[in-house]
Amino acid sequence: MSCEVKQKERAGIINPIFTCQPCGAQYASIGIKECIGIVHGGQGCVMFVRLLFSQHFKESFEIASSSLHEDGAVFGALNRVEQAVDVLLMRYPNVKVIPIITTCSTEIIGDDIDGVISKLNTGLLKEKYANREVHLVPMHTPSFKGSMISGYDVAVEEFVKYFAKKGKPNEKLNLITGWVNPGDVTALKHLLMEMKVDATVLFEIESFDSPLMPDGNAISHGNTTIADLASTANASGTIALNRYEGGKAAEYLQNEFDVPMIIGPTPIGIRNTDMFLQNVKQLTGKAIPQSLVVERGIAIDALSDLTHMFLTGKKVAIYGNPDLVIGLSEFCLDLEMKPVLILLGDDNAGYKKDPRIKALQENVDYDMEIITNADFWELENRIKNEGLELDLILGHSKGRYIAIDNNIPMLRVGFPTYDRAGMYRYPVVGYAGAMWLGEQMANTLFTDMEYKKNKEWVLNVW
Ligand code: SF4
């Protein structure tokens, strides 16, 4: 019985689980109001990322590209950044925030985006846009390092560093949600409202579940404002729900402005939601109301109906964003399931030292593998060639063919999910998320029992 954390031994990646750093920076950027990022690189660095966002949310998002070509890749392309900023400001009179997001090519050729931002600030912006509030924020996100996860983390930190400004205490809590869905934001706001906590929810993407309005506006954007970001320095505390998606910004606010912070836990499952509420209580002094005790009770009741009969002992493989995957693993263990394979799609050396992963290593009483820098072949090969038997796969849509080809039931969770309708609308966090996840896992298993005629009669009598 052991739990090993090991890096994928093979060179190369066969069917990646994550995409590259600029994607994460773009995701953080679309969470800000009056913001359009310019990705300094080839058009594909935007085109494919926008497509992922659109597939996942079934909405449109605006992101620009400096559209690098051969001459720029050889001789440098800062002139294209200058032109792109000018065009964007002319085309969009309301845009105030423009992150300049680098890519693999522009980092390799050494384009100095910090330098060009200084030049634009003292030149173009003063001369042509003197009466406009414009913020150019550099984001270094080369794709040969990290992944979309670290790209998100870098971007959140850079935005906070750029805008946070010491002023009067605002008696608010900063909540850095990390890479979540609109349904998660709704669930988190609900918990905070029940506790009567005034919070600044950062990189707030609840509105990505956008209405189709009579005026036909079909562009989605987030709700975090410049004022929200500025006032992060004056909060009574910061909670970053995800260690790898916003944790650095929380540390920065503590180190620079003495804003106390708590990183994690990702509030997936009853145990982690309890801890989240305790953390909110610790930072704000607000009590946990009876209404949330009742919600907790309803979720526990729903889960107890399922755990012993259907979930206990079920072997699960989980892949996706690290905080999500770790939270799901902890929740599965609480439900007496057996996460046997955990795949983390980049080579962050910090994973091995993560206390949650250490706790998994110390506490599991069966064989579990945690693979870093993993790809989908790590999952597929074990199933096809090494006899790995699974009852369930938890992960995003990019792994769907492994589930389909091998007849393994799969619950879609994480980003991107495009082959099931409306999944972004449902939370995985909070008591509501625990209940939804538990019930969806059970329903997925039920459908499989019926399809394979495997003790489906049990469903008549429970
Ligand atoms: S790997 Fe490089 S070229 Fe490809 S999308 Fe990412 S940043 Fe762009």
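Student: Is Arg356 buried or exposed in this predicted model?
Tutor: The relative accessibility of Arg356 comes to 13%. A residue is taken as buried under 20% relative accessible area. Because 13% is the value for this side chain's residue, Arg356 counts as buried.

Student: Which residue forms a salt bridge with Arg356, and how far apart are the closest N and O atoms?
Tutor: The partner is Asp323, which is itself buried, with a relative accessible area of 0%. Between Arg356 and Asp323, the closest N and O atoms of the salt bridge are separated by 2.9 Å.

Student: How many residues apart in sequence are the parts that the pair Arg356 and Asp323 ties together?
Tutor: The salt bridge joins Arg356 to Asp323. Arg356 belongs to helix H15 (residues 355-363) and Asp323 to helix H14 (residues 322-334), so the pair ties together parts whose separation in sequence is 33 residues.

Student: How many salt bridges does a search of the whole structure find, and what is the N to O distance between Lys189 and Glu206?
Tutor: The search of the whole structure finds 24 salt bridges. One of them is formed by the side chains of Lys189 and Glu206, with an N to O distance of 2.6 Å.

Student: Where do Lys189 and Glu206 lie, and how many residues apart in sequence are the parts they tie together?
Tutor: Lys189 counts as partly exposed at 30% relative accessibility, and Glu206 counts as partly exposed at 24%. The two side chains meet in a salt bridge. Lys189 is placed in helix H9 (residues 182-194), while Glu206 is in the loop between strand E7 (199-202) and helix H10 (226-230), so the parts tied together by the pair are apart in sequence by 17 residues.

Student: Are Asp419 and Arg412 buried or exposed?
Tutor: These two residues form a salt bridge, in which the closest N and O atoms are 2.7 Å apart. Asp419 has 15% relative accessibility and therefore counts as buried. Arg412, at 6% relative accessibility, also counts as buried.

Student: Which residues do salt bridges with shared partners join into one network?
Tutor: The network is built from salt bridges that share partners. Its members are Glu4, Lys6, Arg10, Glu369, Asp375, Glu378 and Arg382.

Student: How many aromatic pairs does the structure hold, and what is the arrangement of Phe61 and Phe208?
Tutor: The structure holds 23 aromatic pairs. In the pair of Phe61 and Phe208, the ring centres are 4.8 Å apart and the planes lie at 65°, and planes over 60 degrees apart are counted as edge-to-face. The arrangement of Phe61 and Phe208 is therefore edge-to-face.

Student: How many residues apart are Phe61 and Phe208?
Tutor: Phe61 is in the loop between H2 and strand E3 (64-65), and Phe208 is in the loop between E7 and H10. Both Phe61 and Phe208 are buried. The pair links distant parts of the chain, with a separation of 147 residues.

Student: What is the angle between the planes of Tyr152 and Trp179, and where do the two residues lie?
Tutor: Tyr152 and Trp179 are both buried. Tyr152 lies in helix H8 (residues 148-163) and Trp179 in the loop between strand E6 (173-176) and H9, so that distant parts of the chain, 27 residues apart, are linked. The pair is tilted, with 5.7 Å from centre to centre and an angle between the planes of 35°.

Student: Which residues are linked into a cluster by ring pairs?
Tutor: The cluster takes in Phe61 and Phe208 as well as Tyr152 and Trp179. Ring pairs link these with Tyr27, Phe53, Phe57, Phe415 and Tyr424.

Student: How do the residues of the shell around the ligand divide by character, and which residues are they?
Tutor: The shell divides into four nonpolar residues, two polar and no charged. The residues around the ligand are Cys20, Pro22, Cys45, Thr103, Cys104 and Ser143.

Student: Which residues make the nonpolar surface patch, and what is its area?
Tutor: One contributor is Met47, which lies in helix H2 (residues 44-57) and counts as partly exposed at 46% relative accessibility. Met47, Phe48 and Leu51 make the patch, whose area is about 320 Å².

Note on methods
Residues are numbered from 1 along each chain as its sequence is written. This is a predicted model: local features need pLDDT of at least 70, side-chain atom pairs count only at pLDDT 80 or more; totals for chains, interfaces and linings use all residues. Side-chain values use heavy atoms; hydrogens and water are left out. Patches are made of residues with over 30% relative accessible area and no salt bridge: like charges are joined within 9 Å, nonpolar side chains (Val, Leu, Ile, Met, Phe, Trp, Tyr) within 5 Å. Accessible areas come from the Shrake-Rupley method with a 1.4 Å probe; for residues, only the protein chains shown count as cover. A salt bridge is a side-chain nitrogen of Lys or Arg within 4 Å of a carboxyl oxygen of Asp or Glu. Helices (H or I, at least four residues) and strands (E, at least two) are DSSP runs, numbered from the N terminus. Buried means under 20% relative accessible area, exposed over 50%, partly exposed in between (1.4 Å probe, protein chains only). A residue is near a molecule or strand if one of its heavy atoms lies within 4 Å of it. Ala, Val, Leu, Ile, Met, Phe, Trp, Tyr, Cys and Pro count as nonpolar, Asp, Glu, Lys and Arg as charged, and the others, Gly among them, as polar. Rings of Phe, Tyr and Trp (its six-membered ring) pair if their centres lie within 6.5 Å; planes under 30 degrees apart count as stacked, over 60 as edge-to-face and the rest as tilted.
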